[in-house]
Amino acid sequence: MTFSAKPLLLVSAISLASLPLSWAEDTDTHLNNDPINETETVADAPEITVIATDDEPDTDTEAGHEKGKITVEFSIDEGETDSDDDDDVKVTIKKNGRELSQEETDAELEQWEQEIMETLDGAFRGTPRKGIFALQQDRDGGFAELGFGLKYSDGLTMMREGYEGLEFTTEFNIGIQLAGLFYEYFSASDNRGLFGYNFYNSDWVGLDLIVGKEHYDFADDKEDKLLLPIEVRHGDWTGGLRSTVYLGPLVVQGQVRREISDYHNGYTASLQTGTNIQIKNLNIHGLVGASYQSEEVMDYYYGVTAAEASSNFAAYDPGEDIRYNAEIGASYPMSKNWILRGQVNYTQYSDDLVNSPFWDGDNTEHLSSRIMLLLVM
Amino acid sequence: MFENMISNRGQLAKTILALFLGLAAALLDPVHAETTAQLDLSPERCVALNEGQTCYQTVLISWQADHPADYCLVREPQEAPLVCWENRSHGKAKMEFASSETVTFRLRLTDKVSQRDIDVAESAVIVTWVYSDTKRRRNSWRLF
């Protein structure tokens, strides 16, 4: 391609309103100039509605409209061979008819670039890097929760574990992290205590190496006459990878774990996805997911060997298990340390699981709910 | 030049009188005198669940000053008043507060004569949260 010796004017008169590149909605402040009658009660007083804005007032907006346009000119110099000191593309900015100096042009371009990046970041993120989107490396710390409340289950589950009906319950949760190493435990969760290391983290993805128990000991109570003939099933230690992906308002979490304590050498996997909405200070969330347990895991915990078979427990050889779950919950901050939290959980178990002699329930569909008052420390 | 101005007794007396009247006017002018006022917001704290979330709270505003004048409530850093009261010494209002950060409000006295605005009291609604970024892990079994 040949250019004329004179710098070629490629683009001229790109008019830009000097509005900041922000997708934040303009917010109005409702001004009420009427005096309030001093004898009126508060309820009768005019109500002020203040719509939140975290942005600085845009004092340049009006001026920008009035003063008009910014002209940007790009010119390409068909000069000699490239060198570090020779810019092929020259940018000239004219503001209100005045051509900006090189330093002012550089500053202007840098500001535009920053505004564009912030806009893109805000657009895809939905929320800037605050709250749940804050960077992982800034998250060293921890919390503990003590809770009490009521829970309800419409049917039994695993023998010696499940419950049915309405019960008073307590809850204990803890999470702690230091230099990427973490421990978390949620007593109401199917997942037991978990040790881990967050080895990769970006705006979109968090990757953790995890180690923890997935199942409790079973048939280990020597006072339990019914289960005495059954060989003890030990709680298994499993290790694997957990990934949490943040896609705008959607969170997707998956994990794959293999047993490392050499009891059954099986593996498990799960995938969960959910989202959260805020209505005033109430936070409502919903999630759906699926979990998988390999045949080795099923055999070890839910199978009955020929040697164990009796009139109480028929021999049983289950296949692999896939279960589906859904959850809807709400959390409301009552104070800086107290939360009211309620949730409803639905689980659809596989026939291979429900048909186990060690499974007390006979329904594949299971509904449970709880409402808790949690003290957060 | 100053000596020339007060070269005779008559001029001197007039100058002293003018200075005295000016001083008296300034002292008697309630706007220029020091104004004492109090601005109360209730509640003063708004609690959101997670750090960075917008916090919502109905806030009752009440203020009292030691003399009637024109007052406005201003939310920092905005300059436009949210609500104004004319020739009042106290007032009340209700506000639907929503912000992800602590916000300071000021009671502003407007001097009609000089057209000057003087901030005579201030108070803040402190935004706080249950789970700070350091409390809650981003990747966790409990996603929400």
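This report describes the confidence, composition and nonpolar cores of a predicted model.

**Chain A: content and confidence**

Chain A contains 4 helices and 17 strands. Of its 377 residues, 20% are buried. Among the contacts in chain A that link residues at least 6 apart in sequence, 52% join residues at least 24 apart. The mean pLDDT of chain A is 77, with 72% of its residues at 70 or more.

Two stretches of chain A with pLDDT under 50 are listed below; the contact counts leave out near neighbours in sequence.

| Stretch of chain A | pLDDT | Contacts in the model |
|---|---|---|
| Residues 1-47 | under 50 | 81 contacts |
| Residues 123-134 | below 50 | 22 contacts |

**Nonpolar cores**

The largest nonpolar core comprises 39 residues, and B:Trp63, B:Tyr71 and B:Leu107 have the most contacts inside it. Both chains take part: β17 (365-376) of chain A supplies at least two residues, as does each of β1 (37-42), β2 (45-50), β3 (55-75), β4 (81-99), β5 (103-111) and β6 (116-131) of chain B. The greatest contribution to this core, 9 residues, comes from β3(B).

Beyond its neighbours within four places in sequence, B:Trp63 is in contact with B:Tyr71 and B:Leu107. Its other contacts of this kind are B:Ala37, B:Gln38, B:Leu39, B:Asp40, B:His90, B:Gly91 and B:Ala121.

A second core, separate from the one above, has 11 residues, including A:Met298, A:Tyr300, A:Tyr349 and A:Val354. In soluble globular proteins, nonpolar side chains tend to be buried together.

Definitions and conventions: Residues numbered from 1 in each chain as written. Chains lettered and ligands numbered in written order. Predicted model: local features only at pLDDT ≥ 70, side-chain atom pairs only at ≥ 80, totals over all residues. Buried ≥ 20, exposed ≤ 12 C-beta atoms within 10 Å, placed from the backbone. Contact = placed C-beta atoms within 7 Å. pLDDT = per-residue confidence, 0-100. Core = buried A, V, L, I, M, F, W, Y, C linked by C-beta atoms within 7 Å.
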